[in-house]
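Open the structure in your viewer and keep the sequence panel visible. The stops below say what to select next and what is there.

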Amino acid sequence: MLINFLARIYRRAPRVLLWKEAQEGERIYWQKRCNNAVGVMYEMAEHSDLAANLLQVNDREPSAFLDVGVGPLGIGLLWLYPDSLIKIGIDPLPRMKAQTGNPYVDSLVHRIRDDSIFIRARGENLPFPAESFDLVVCNNVLDHTIFPKKLLDELCRVTKVKGHLGIGVDTNSLFGFLIRWIDRRLRPHYNPYRLHPHDIIIGEINKDLQSRGFRILRHNDASILGSAMGRRRMQWWVAVKL
Ligand SMILES: C[S@@+](CC[C@H](N)C(=O)[O-])C[C@H]1O[C@@H](n2cnc3c(N)ncnc32)[C@H](O)[C@@H]1O
């Protein structure tokens with residue numbers, strides 16, 4: 001019985017399959033969102049902490065702005081700098097149209113989309129030369145991928161020297177990570193696990209950014225107790241490339 005239990009914990013589907021399953025869940029989620037005016041407005045305002053801190057650090061319009069994992073609506077945080085010359089959103093899902101029936105909401109989404117470029121691609125292989133963007137944002141994406149370090153490498157590569165990088169992602173305390181590690185093997189089809197194939201531990205992103213030549217300017221840190229055994233929470237960072 002013990003061996004059976006350990007085998008269940010150890011076994012996990014191949015990563016590529018996990019990502020495909022996550023993306024299918026994500027597609028259904030966004031399809032529902034596209035038809036719902038409140039849902040669309042919620043998506044726009046959900047990450048206002050990261051948005052406000054980006055504006056405080058970077059009050060000049062970036063001339064080239066990239067949002068990786070922008071979402072199929074194609075808006076992400078691209079609305080934050082309306083006068084930015086180049087605004088590009090990247091997502092592996094196909095672009096979807098907002099048809100909420102509320103003309104205010106639909107026209108707002110269309111206006112943002114008309115002003116920016118949408119590219120269907122994965123963030124692990126960004127189709128841009130190094131140091132192409134003054135501002136790169138990747139919000140609520142890293143734990144939706146299966147190769148988060150590769151994605152981070154790419155975000156850092158395409159950011160210009162002295163350019164800014166804004167990241168938001170759900171993180172887990174050490175205890176929370178351990179519980180999820182076991183529970184996700186026991187309940188692999190639980191929807192929150194399906195949608196988030198990867199778990200990130202508090203402190204991980206700080207180290208990743210610093211080791212890739214970035215200085216963190218602002219972030220919502222966790223206490224020592226929170227890092228050890230606190231609940232899962234959305235963390236964000238605004239960093240500059242040195
Ligand atoms: C929770 S949504 C966040 C969307 C948007 N950034 C926002 O905050 O509203 C996660 C997005 O990450 C995208 N995604 C998943 N894997 C990705 C990858 N490898 N590269 C880039 N984007 C990815 C999904 O398609 C989805 O649109």
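Select strand S1 and strand S2 (residues 86-91): the two pair in the parallel sense over five bridges. Strands here are DSSP runs of E with at least two residues, helices are DSSP runs of H or I with at least four residues, and both are numbered from the N terminus. Two strands pair if DSSP finds at least two bridges between them. What you have open is a predicted model, in which local features need pLDDT of at least 70 and side-chain atom pairs count only at pLDDT 80 or more, while totals for chains, interfaces and linings use all residues. Residues are numbered from 1 along each chain as its sequence is written.

**Stop 1: strand S1**

Stay on S1, which covers residues 64-68. Four of its five residues are buried, so S1 is largely enclosed by the rest of the structure. A residue is buried if 20 or more other C-beta atoms lie within 10 Å of its own, exposed if 12 or fewer, and partly exposed in between; the C-beta atoms are placed from the backbone.

Now pick Val68, which is found in S1. Opposite Val68, in S2, stands Ile90. Val68 has 27 C-beta neighbours inside 10 Å, so it counts as buried. Leaving out residues up to four places away in sequence, Val68 touches Ile90, Gly123, Val136, Cys138, Val141 and Leu155. Contact means that the C-beta atoms of two residues, placed from the backbone, lie within 7 Å. For a distance to display, take the C-alpha atoms of Val68 and Glu154: the two residues are 86 apart along the chain, and these atoms are separated by 10.0 Å.

**Stop 2: strand S4**

Add strand S4 (residues 133-139), which pairs with S1 in the parallel sense over three bridges. Two facing pairs can be picked out: Leu66 stands opposite Val136 in S4, and Asp67 stands opposite Val137 in S4. How many residues of S4 are buried? Seven of the seven are, so S4 is largely enclosed by the rest of the structure.

Next add strand S5 (residues 159-171). S4 and S5 pair in the parallel sense over six bridges. At Phe133, the bridge partner in S5 is Thr159.

**Stop 3: the nonpolar core**

Colour the largest nonpolar core, which has 41 residues. A nonpolar core is a set of buried Ala, Val, Leu, Ile, Met, Phe, Trp, Tyr and Cys residues joined through C-beta atoms within 7 Å. The residues with the most contacts inside this core are Leu66, Val68, Val136, Cys138, Leu155, Ile167 and Trp237. S4 supplies the largest share of the core, five residues. In soluble globular proteins, nonpolar side chains tend to be buried together.

Select Cys138. Not counting residues up to four places away in sequence, Cys138 touches Val68, Gly69, Gly123, Leu155 and Ile167.

**Stop 4: the ligand**

Show the ligand and the 22 residues that surround it. A residue is near the ligand if its C-beta atom, placed from the backbone, lies within 6 Å of it. Which residues are the closest? They are Gly69, Gly71, Gly123, Val141 and Thr145.

**Stop 5: three loop residues**

Go to Asn140, in the loop between S4 and helix H6 (148-158). Asn140 has a positive phi of about 65° although it is not a glycine. Is Asn140 buried or exposed? With 20 other C-beta atoms within 10 Å, Asn140 is buried.

Glu131 sits in the loop between strand S3 (117-120) and S4. It is not a glycine either, and has a positive phi of about 55°. Glu131 is partly exposed, with 14 other C-beta atoms within 10 Å.

Finally, find Asn35 in the loop between helix H2 (15-34) and helix H3 (37-45). Asn35 is partly exposed, with 14 other C-beta atoms within 10 Å. Apart from neighbours within four places in sequence, Asn35 is in contact with Gln99 and Thr100. Asn35 and Arg15 are 20 residues apart in sequence and 31 Å apart in space, C-alpha to C-alpha.

**Stop 6: the whole chain**

Zoom out. The chain has 10 helices and seven strands. Along its principal axes the C-alpha trace spans about 60 × 45 × 30 Å. Of the 242 residues in the chain, 34% are buried.
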